[in-house]
Amino acid sequence: MRLAAALFAGLLGLVWATAAFAHAEPSRARPGDGAVLNEPPTDVVLVMTQEMARQAGANDIKVFDAAGNEVTREPAVIDPNDRRRLSVALPAGLAPGDYVVRWTTLSAEDGDTASGELRFRYDPAAAPNPGREVLQESLLGGGPTQAPPAAAVPRGEASGTGWVLAAAVGATML
């Protein structure tokens, strides 16, 4: 019985910690990270691990060419039907070359910001490669990460990690 309680407390702590420390980061990308495309993409679409907060300027995708010039002409938009989906249109006539996709997000679930970058190449003569479209796998095996809802913790306050650790240690001492 003590072993079962300890295992349950440990599993609960692992699930809680995974949700508490997650951010709105890409779980899927199109074009994929490292993709080689024969046709210029019309947009960049990222599906995040958490819903994003609808706050002006907090969530964005900017695409830069190899010289560091921004090619995106408008801000990214959150899908009104899926707050985990962020996309930005790319201009017609994109020149062949290497591109960097820089993204920033503000999580609606924990209020944390995240940022990062992906890369793709548009080369009509190269062998096509979709790149890595699935960026994060679920811990339980299966599809992309879909973080469970986590209780929001106001910034600057304790996250509650202590009670999880205390429960796990207490259960092992029973």
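Biologist: Is R30 buried, partly exposed or exposed?
Modeller: In this predicted model, R30 has a relative accessible area of 40%. The partly exposed class lies between 20% and 50%, so R30 is partly exposed.

Biologist: Which residue meets R30 in a salt bridge, and which strands hold the pair?
Modeller: The closest approach, N to O, is 2.9 Å, and the partner is D43. D43 counts as partly exposed at 21% relative accessibility. R30 lies in strand 1 and D43 in strand 3, so the salt bridge ties together parts that are 13 residues apart in sequence. The partner is therefore D43, and the strands are strand 1 and strand 3.

Biologist: D79 forms a salt bridge with R85; which relative accessible area does D79 have?
Modeller: The closest N and O atoms of D79 and R85 are 3.7 Å apart. R85 counts as partly exposed at 26%. D79 is buried, with a relative accessible area of 18%.

Biologist: Which residues join E117 and R119 in one salt-bridge network?
Modeller: The side chains of E117 and R119 meet at 2.7 Å, N to O. E117 is partly exposed at 37%, and R119 is partly exposed at 45%. Salt bridges that share partners add one residue to this pair, R102.

Biologist: In strand 8, what is the bridge partner of T104?
Modeller: Strand 7 pairs with strand 8 in the antiparallel sense over ten bridges. In strand 7, T104 is also the bridge partner of D60. On the strand 8 side, the bridge partner of T104 is S115.

Technical notes:
Residues are numbered from 1 along each chain as its sequence is written. This is a predicted model: local features need pLDDT of at least 70, side-chain atom pairs count only at pLDDT 80 or more; totals for chains, interfaces and linings use all residues. Side-chain values use heavy atoms; hydrogens and water are left out. Two strands pair if DSSP finds at least two bridges between them. Helices (H or I, at least four residues) and strands (E, at least two) are DSSP runs, numbered from the N terminus. A salt bridge is a side-chain nitrogen of Lys or Arg within 4 Å of a carboxyl oxygen of Asp or Glu. Buried means under 20% relative accessible area, exposed over 50%, partly exposed in between (1.4 Å probe, protein chains only).
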